[in-house]
Number of protein chains: 2
Amino acid sequence: MQRRTFVQTGLSAGLLGVSGLSARTRPAQAAPAAHPPAEIRLSSNENPLGISPRARQAILSGMADANRYPQARAPLIEALAATHGVRSENVILGAGSTEVLKMAVEAFARPAGRLVLASPTYEDAEWYAGPGNLEIAKVPLTPDLAHDLDAMRKEAVSASGPVCVYLCNPNNPTGTLTPSDAIDDWIASAPEHVSFIVDEAYFDFVTDPSYHTALGWITERPNVLVARTFSKVHGMAGIRLGYGIAHPDTASRLRRLQVRNNANHFALVAGRASLEDSEFVRRSIAVNERGKRIAKDCFNDLGIEVLPTHTNFLMHRIEGDLRRHIVRMRERGIRVGRPFPPMLEYNRVSIGLPEEMERFAEALRVFRQSGWI
Amino acid sequence: MQRRTFVQTGLSAGLLGVSGLSARTRPAQAAPAAHPPAEIRLSSNENPLGISPRARQAILSGMADANRYPQARAPLIEALAATHGVRSENVILGAGSTEVLKMAVEAFARPAGRLVLASPTYEDAEWYAGPGNLEIAKVPLTPDLAHDLDAMRKEAVSASGPVCVYLCNPNNPTGTLTPSDAIDDWIASAPEHVSFIVDEAYFDFVTDPSYHTALGWITERPNVLVARTFSKVHGMAGIRLGYGIAHPDTASRLRRLQVRNNANHFALVAGRASLEDSEFVRRSIAVNERGKRIAKDCFNDLGIEVLPTHTNFLMHRIEGDLRRHIVRMRERGIRVGRPFPPMLEYNRVSIGLPEEMERFAEALRVFRQSGWI
């Protein structure tokens, strides 16, 4: 029995809960065909726990009103305002934080403005700048993978029209932090025509004491928007709910650009319920820490370089072709992250459940034995 | 006991299922306080039946994947394509058909174009034209409440830039039809820079044999988009799902303007399940017919003018101030439609369940006795 076959068999048995039956005793060739292991998704920085039990209950209760246009917008906005110590007028909702990014790019950079962002970073802000024919200035990260704020500032200064600066902190796909104090310094000294989107999608996973939110700016500065999401620590990626917090004038401008009734009924009721479920949030963070540890231990064992992370994903070095690596993982039933040019020597892997990370680690070990990484 | 008090008491008992207890025997003043009747929504053209049982089941089954970014886009698009005899490349999804309208107005009228639409008609197309500073040409309906296509055509011809024509057929809020053949004639002769959004949100309620969809145009003409929704006959207004069908080139252009992941996971799975539930669609239409009959009989009894309708709502004449009428209905626990200027002598009422329409009819009779209508 070859090593690779054994691993597949053992894993499929384990995943399907055939715990009383030793994988070794089962026919090696039959098991994968009869019980192909469920594909695991370590590709999109989702919460492997699912949604909060309270969110689930809210959806069940909300089923009776699913035929009505969404009615529960105000209560969620009030809950979000209370959570962040702001007022309802500061809060805008989106069908995912991606819609908030869309509104912000349109409000801040149009017409004929410039979008300044890191390379690599989360792709959506650049995507939304596309149809408006905006100038796009992509600035490589620093050697320690922070946003290069000095270089970005130069791009902002040299623009003739409005400027929208997109700062993803922690940054996706690298998982790394840009010093909050340095961001504060820039915001403090920026002229009015330079606006900032600070995307804090991974805020809840950060433990670094030097990190802080940019929310402190929104009362005084109409040129700052903070974006947050329910897709990560709240596990609601499929339900589509995100929000932005900004000065009331800015919030009004952005709201005018949203899709009407953009947050669906289930998103509104589940979001509110999940906000109250601090136990679920704690568990999400704890499970993430466990999964991260398993992956990091494996990277260390194998001597694979991995970037420091403050999120629910890891960026690790790949030897050889990235796309081939992704396909090989897929062939083992593991979806890992997409390529993030120009970092094509690295792969992003999202943190799944501990047993999923064991499976990922096992795959890495097999790849090493095959000389692939 | 006054007539008005009796009606409220009787209704609250009935709605709360206190069927064994005669409303007459209960203390008149206590009942409304202890058991205020549930507010009924006859305000937003929703389906009073709720969602399809199959949609409900799909949501329950889909709960396990609510933490994942929406995965079920392709199967829904394929099902929609099969339903309409088109290809997947013709179909675009929206978070409600309102997002499809947004994309279409942006794609067809920008930059510096003109939106031509009826007055009154559904408000969203005009709303989305707002931030782009487009020219807006509002053309009054004909005396028989069809779109005035001749007058609209003149507005299209006189424009210097691109033109987006919005045709809501049947029209909201009037419920009336514009002859399909006349729309065809215009589309057949229109130049390329004149594009058409044909909003067929209420398609499924139409029985008039002269009515037909504009879908026949989309293969040949890139300047035609047909918008449909799951909010009406499918009862999914809260779940946010709509779609557009257009030439592949047009569909691609519009898709570029959508919010990424705009249709949520529950919308995708429930929409697909509801498409297969023809029994639910039939029942929705039948219940609508029953409710419409109750309202029409009451309008006839009271000699109140009501417009012919081909939808799930009715537009009826109001004597006196419309806003006061809306408030008085609200005070009786009935939400009716908002004002649709310039038709401020009419109120729109959505068709609810038969018992809800009985309650609405009873309110009208009380209003008549009070000399209010």
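Biologist: In which loop of chain A is Ala112(A) found?
Modeller: This is a predicted model, in which local features need a pLDDT (the predictor's confidence in each residue, from 0 to 100) of at least 70, side-chain atom pairs count only at pLDDT 80 or more, and totals for chains, interfaces and linings use all residues. Residues are numbered from 1 along each chain as its sequence is written, while chains are lettered from A and ligands numbered from 1 in the order in which they are written. Helices (H or I, at least four residues) and strands (E, at least two) are DSSP runs numbered from the N terminus. On that numbering, the loop that holds Ala112(A) runs between helix H5 (97–109) and strand E3 (114–119) of chain A.

Biologist: What is the phi of Ala112(A), which is not a glycine?
Modeller: Most residues other than glycine have a negative phi. Ala112(A) counts as partly exposed because it has 13 C-beta neighbours inside 10 Å, where 20 or more would make a residue buried and 12 or fewer exposed, with C-beta atoms placed from the backbone. Its phi is positive, at about 60°.

Biologist: Which residues of chain B are joined by a cis peptide bond with omega about 5°?
Modeller: Most peptide bonds are trans. The bond in question involves Pro342(B), placed in the loop between strand E10 (334–335) and strand E11 (346–350) of chain B. The cis bond joins Pro341(B) and Pro342(B).

Biologist: What kind of axis relates the two copies?
Modeller: After least-squares superposition on the C-alpha atoms of residues with pLDDT of at least 70 in both copies, chain B can be laid on chain A with an RMSD of 0.0 Å, by a turn of 180° and a shift of 0.0 Å along the axis. The copies are therefore related as by a two-fold rotation axis.

Biologist: Which helices of chain B each supply at least two residues of its side that touches chain A?
Modeller: Counting residues as in contact if their C-beta atoms, placed from the backbone, lie within 7 Å, the contact takes 39 residues from chain B and 40 residues from chain A. The helices of chain B that each supply at least two are H3 (53–62), H5 (97–109) and H10 (265–275).

Biologist: What is the radius of gyration of chain A?
Modeller: Chain A has 13 helices and 11 strands, and buried residues make up 51% of its 373 residues. The globule rule (2.2 Å times the number of residues to the power 0.38, with the radius taken over C-alpha atoms) gives 21 Å for that length. Chain A is close to this value, so it is as compact as a globular protein of that length, with a radius of gyration of 22 Å.

Biologist: Which element gives the most residues to the side of domain 1 of chain A that touches domain 2 of chain A?
Modeller: An automatic or database domain assignment divides chain A into domain 1 (3–49 + 279–369) and domain 2 (63–275). Their contact takes 25 residues from domain 1 of chain A and 19 residues from domain 2 of chain A. With five residues on the domain 1 side, the element that gives the most is H11(A).

Biologist: Over which residues of chain A does pLDDT stay under 50?
Modeller: Chain A averages a pLDDT of 91, and 90% of the residues score at least 70. Where pLDDT is low, the predicted coordinates should not be read in detail. In chain A, the stretch with pLDDT under 50 is residues 1–33.

Notes:
Contact = placed C-beta atoms within 7 Å.
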